[in-house]
Amino acid sequence: MSELAALDAVRLNFSPSSLAALNVVLAVIMYGVALDLTAADFRRVARMPRAFAVGLLAQFVLLPAMTFVLVVALSPPPSVALGMMLVAACPGGTISNFLTSYARANTALSVSMSAVSSLGAIVMTPLNVALWSSLYEPTASLLTEVALDPVDVVGVVLLVLALPMLGGLLTRRYVPALAARMFGPFRLASIVFFAGFVAFALHANWTHFVAHVADIAALVVAHNALAFATGYALAALARLPEYDRRAVTMELGIQNSGLGLVLIFDFFAGLGGMAVIAALWGIWHIIAGSTLAQIWRGDATTLPKGAANQSGP
């Protein structure tokens, strides 16, 4: 890990306009996601309280705790460790719903978890970052240097997650025909815009990326595998049916790394180790999640009756 230590001193190259663009892109993504949500998606929570509670426990408690254990075991440089903790503190990523559906798992549970965890992130993301990083001396020192204020983090999460989601929900509620027409284009545009932003970020900081990508990639793969394993293990221990276990697993393995990048550039001045962790996670979790979904799609033996015909394209 010694060669990664240089990342602690690296600040990635981003202009104020680029940072504003990232905030707008993530807000647009969350607005587009909410265009496909209805009150029924939230009412489903009452019909599956145990599975939902297990999923949120895994998302906001167990994954950050297991990430802390991984950080202590591997002792990466402080900026890298803090990046891992931040990603683990983020809510589920938007693509998790599509991958859960494709895997023929419980899409309703996935959608409910994504929606509620995104709203819960207003409090839980800054709380988890502050808690776990303060328990690890190297990251505690880093937080002291940047003087992170959880209240400021709450404000950013409100602007880029909660308010856009509320706008999308209101559009779906009061102008459903417009929401239906907008959902497809918004989903496609959000994927293109975010991919383009990541590509621009990598191009602007190519030297740093190339110098450290191999070592960082190994950490991201290990961390992401831990997230998938944590979701499945807790769901299995809770004796959830396989149909629900797969949804919880996908929610844990697909994190909103876009929110992570927003917070990194807004509050940590583009700290190198953190930014590379979040950017690579955003690429790798799609590869790993798609592979897992493809494997599960071919196995409908453990799904509820009729689910194979209802849960995915």
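At 33% relative accessibility, does L178 count as buried, partly exposed or exposed? In this predicted model, L178 counts as partly exposed, because a value of 33% falls between the 20% limit for buried residues and the 50% limit for exposed ones. L178 is located in helix α9, which covers residues 176-204.

L178 also belongs to a nonpolar surface patch of about 670 Å², together with L159, L163, L166, L170, Y174 and V175. Helix α8 (residues 150-174) supplies the largest share of this patch, with five residues.

Helix α4 (residues 78-89) presents another case. Of its 12 residues, 11 are buried, so α4 is largely enclosed by the rest of the structure. The buried set consists of S79, V80, A81, L82, G83, M84, M85, L86, V87, A88 and A89. The length of α4 was also examined. At 1.5 Å a residue, a helix of 12 residues should span 16 Å, and the C-alpha atoms at the two ends of α4 are 16 Å apart, which agrees with that expectation.

Confidence varies along the protein chain. The average pLDDT of the chain is 81, and 80% of the residues score at least 70. Confidence is highest in helix α3 (residues 49-74), with a mean of 95, and lowest in helix α2 (residues 39-47), with a mean of 71. Across residues 305-313 the pLDDT is below 50; in the model, this stretch has 16 contacts beyond near neighbours in sequence.

Notes:
Residues are numbered from 1 along each chain as its sequence is written. This is a predicted model: local features need pLDDT of at least 70, side-chain atom pairs count only at pLDDT 80 or more; totals for chains, interfaces and linings use all residues. Side-chain values use heavy atoms; hydrogens and water are left out. Helices (H or I, at least four residues) and strands (E, at least two) are DSSP runs, numbered from the N terminus. The expected span of a helix is 1.5 Å times one less than its number of residues. Buried means under 20% relative accessible area, exposed over 50%, partly exposed in between (1.4 Å probe, protein chains only). Patches are made of residues with over 30% relative accessible area and no salt bridge: like charges are joined within 9 Å, nonpolar side chains (Val, Leu, Ile, Met, Phe, Trp, Tyr) within 5 Å. Accessible areas come from the Shrake-Rupley method with a 1.4 Å probe; for residues, only the protein chains shown count as cover. A salt bridge is a side-chain nitrogen of Lys or Arg within 4 Å of a carboxyl oxygen of Asp or Glu. pLDDT is the predictor's confidence in each residue, from 0 to 100. Contact means heavy atoms within 4.5 Å.
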